[in-house]
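Welcome! Here is a short guided look at a protein chain, from its overall fold down to single residues. Keep the picture beside you as you read.

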Amino acid sequence: MNNANSKDAVVIERTFNASQDLIWQMWTDADHFKMWYGPQGFTVPVAEMDLRVGGRRLICMASPDGSMKMWTAGEYTEISPKERLSYTESPADENGNVVSPAAMGMPEGYPAMTEVAVVLEALDGGTKMVMTHAGVPADSGAGGGWEQAFDKLTGYIETVRSDS
């Protein structure tokens, strides 16, 4: 695991014991995405993904007790199947209307739009993933949230692999 946080991006590299195809599905299949996205204890009750350049995303992440729901909306900007996925992300309401970060309780200076890029590379028996969340302040806690999500992803991959 190699992590590099700069002032305006969180970059996380992970290697998974799974095929490039399976890791791609984890990012692009809403049913899989709901199972691992978000920090430990959080759930994803809504994941709408129109997987095409210009296609919309609408994600709802809920706190462990369900009292807080955080909606994000965005658009796919690059799709190279099984290799690269990029999308924008903005705070939103449940209808996908973008709202100000301040209205969502984000700290002053948090950007209204960020971009997530995922690059996958096949390795012997596994897949290297480099995720860059550009525009996110390094001190926002997003890096820790992503780390927890990728820990959940690692565990979820094992359940999927044992089912096949």
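Let us begin with one residue: Met106 is partly exposed, since its relative accessible area is 31%, which falls between the 20% limit for buried and the 50% limit for exposed. Met106 sits in the loop that joins E6 to strand E7 (114-123). Please keep in mind that this is a predicted model.

**A loop residue and its distant partner**

- Met106 and Ser140 are 34 residues apart along the chain, and 8.7 Å separates their C-alpha atoms.

**The overall fold**

- The protein contains three helices and eight strands.
- Reading from the N terminus, you meet the elements in the order β-β-α-α-β-β-β-β-β-β-α.
- The C-alpha trace spans about 45 × 30 × 30 Å along its principal axes.
- The radius of gyration is 15 Å, which agrees with the value near 15 Å for a compact globule of 164 residues.
- Among contacts with a separation of 6 or more, 51% are between residues 24 or more positions apart.

**Surface and charge**

- About 8,100 Å² of the protein is accessible surface, and carbon and sulfur atoms hold 50% of that.
- Of the 164 residues, 44% count as buried.
- There are 12 positive and 23 negative charges, and the mean positions of these two sets are 1 Å apart.

**The nonpolar cores**

- In soluble globular proteins, nonpolar side chains tend to be buried together.
- Here, the largest nonpolar core has 36 residues, and those with the most contacts inside it are Trp27, Trp36, Met131, Trp146 and Phe150.
- Helix H3 (residues 142-163) supplies the largest share of this core, with eight residues.
- A second, separate core has five residues, including Cys60, Trp71, Ala73 and Ala92.
- Which residues does Phe150 touch, leaving out those up to four places away in sequence? They are Ile12, Arg14, Phe16, Trp27, Trp36, Met129 and Met131.

**Helix H1, an enclosed helix**

- Helix H1 covers residues 20-28, and it is largely enclosed by the rest of the structure because seven of its nine residues are buried.
- The buried residues of H1 are Gln20, Leu22, Ile23, Trp24, Met26, Trp27 and Thr28.
- Trp27 also belongs to the largest nonpolar core, where Phe150 is one of the residues with the most contacts, and Phe150 touches Trp27.

**Thr132, a strand residue**

- You can find Thr132 in strand E8 (residues 126-134).
- Is Thr132 buried, exposed or partly exposed? Its relative accessible area is 25%, so Thr132 is partly exposed.
- Not counting residues up to four places away in sequence, Thr132 touches Ala9, Val10, Val11, Glu115, Val116 and Ala117.
- Val119 lies 13 residues from Thr132 along the chain, and their C-alpha atoms are separated by 8.6 Å.

**Lys82, a loop residue with a positive phi**

- Where is Lys82? Look in the loop between strand E5 (69-80) and strand E6 (84-92).
- Most residues other than glycine have a negative phi.
- Lys82 is not a glycine, yet its phi is positive, at about 65°.
- Lys82 counts as partly exposed because its relative accessibility is 38%.

Terms used: Residues numbered from 1 in each chain as written. Predicted model: local features only at pLDDT ≥ 70, side-chain atom pairs only at ≥ 80, totals over all residues. Heavy atoms only, no water. Helix = DSSP H or I, 4+ residues; strand = E, 2+ residues; numbered from the N terminus. Rg over C-alpha atoms; globule rule 2.2 N^0.38 Å. Buried < 20%, exposed > 50% of the residue type's maximum accessible area, 1.4 Å probe, protein only. Contact = heavy atoms within 4.5 Å. Areas by Shrake-Rupley, 256 points an atom, 1.4 Å probe, with all protein chains shown as cover. Lys, Arg positive; Asp, Glu negative; His and termini not counted. Charge placed at Lys NZ, Arg CZ, Asp CG, Glu CD. Core = buried A, V, L, I, M, F, W, Y, C linked by side-chain atoms within 4.5 Å.
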